[in-house]
Amino acid sequence: MEAPFHDLADLFRQLGLPDDPAAIEQFIGSHRPLPPGMRLCEAPFWTTSQAQFLRDDIRDDADWSVVADALALRLSA
């Protein structure tokens, strides 16, 4: 059985954010760069519930962690 795959749009939808490509690019552009060493869940632009999802659910769910890592990389660039 193949594991489910989540993409960036799925993550944005899960976080309650606009999930169309232009909105995702705008979000990344306006929130980058993350300071060196800052974990994605620690970024100041998340709501409490968004940060909690990133901290708890992604830590426990490899499917979400892959796409969260991709977002963290794009925010760090």
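In this predicted model, the contact between helices α2 and α4 brings together Glu25, Ile28 and His31 of α2 with Leu71, Arg74 and Leu75 of α4. Sorted by class, this contact holds 3 nonpolar, 1 polar and 2 charged residues. The axes of α2 and α4 come within 8 Å and cross at roughly 50°. An angle from 35 to 65 degrees counts as oblique, and α2 and α4 are therefore oblique to each other.

Leu71, one of the α4 residues that meet α2, also appears in the largest nonpolar core. This core has 23 residues, and those touching the most other members are Leu11, Leu40, Trp46, Leu54 and Leu71. Two or more residues come from each of α1 (8-14), α2 (21-31), α3 and α4. Helix α4 gives the largest share, with 6 residues.

Helix α3 offers a handy check on geometry. It runs over residues 48-60, and its 13 residues should span 18 Å at 1.5 Å a residue; the end C-alpha atoms are 18 Å apart, so expectation and model agree. Within α3, the buried residues are Gln50, Ala51, Phe53, Leu54 and Ile58. These buried residues pack against α1 and against α4, which covers residues 62-76.

Leu54 ties these themes together nicely, being both a buried residue of α3 and one of the core residues that touch the most other members. Once neighbours within four places in sequence are set aside, the contacts of Leu54 are Leu11, Leu15, Leu40, Cys41, Trp46 and Arg59. Among them, Leu11, Leu40 and Trp46 are likewise listed with the core residues that touch the most other members.

Note on methods: Residues are numbered from 1 along each chain as its sequence is written. This is a predicted model: local features need pLDDT of at least 70, side-chain atom pairs count only at pLDDT 80 or more; totals for chains, interfaces and linings use all residues. Side-chain values use heavy atoms; hydrogens and water are left out. Helices (H or I, at least four residues) and strands (E, at least two) are DSSP runs, numbered from the N terminus. The expected span of a helix is 1.5 Å times one less than its number of residues. Buried means under 20% relative accessible area, exposed over 50%, partly exposed in between (1.4 Å probe, protein chains only). Contact means heavy atoms within 4.5 Å. A nonpolar core is a set of buried Ala, Val, Leu, Ile, Met, Phe, Trp, Tyr and Cys residues joined through side-chain atoms within 4.5 Å. Axes are lines fitted to C-alpha atoms, for helices over the stretch in contact, and angles run from 0 to 180 degrees between N-to-C directions. Angles under 35 degrees count as roughly parallel, over 145 as roughly antiparallel, 65 to 115 as roughly perpendicular and the rest as oblique. Ala, Val, Leu, Ile, Met, Phe, Trp, Tyr, Cys and Pro count as nonpolar, Asp, Glu, Lys and Arg as charged, and the others, Gly among them, as polar.
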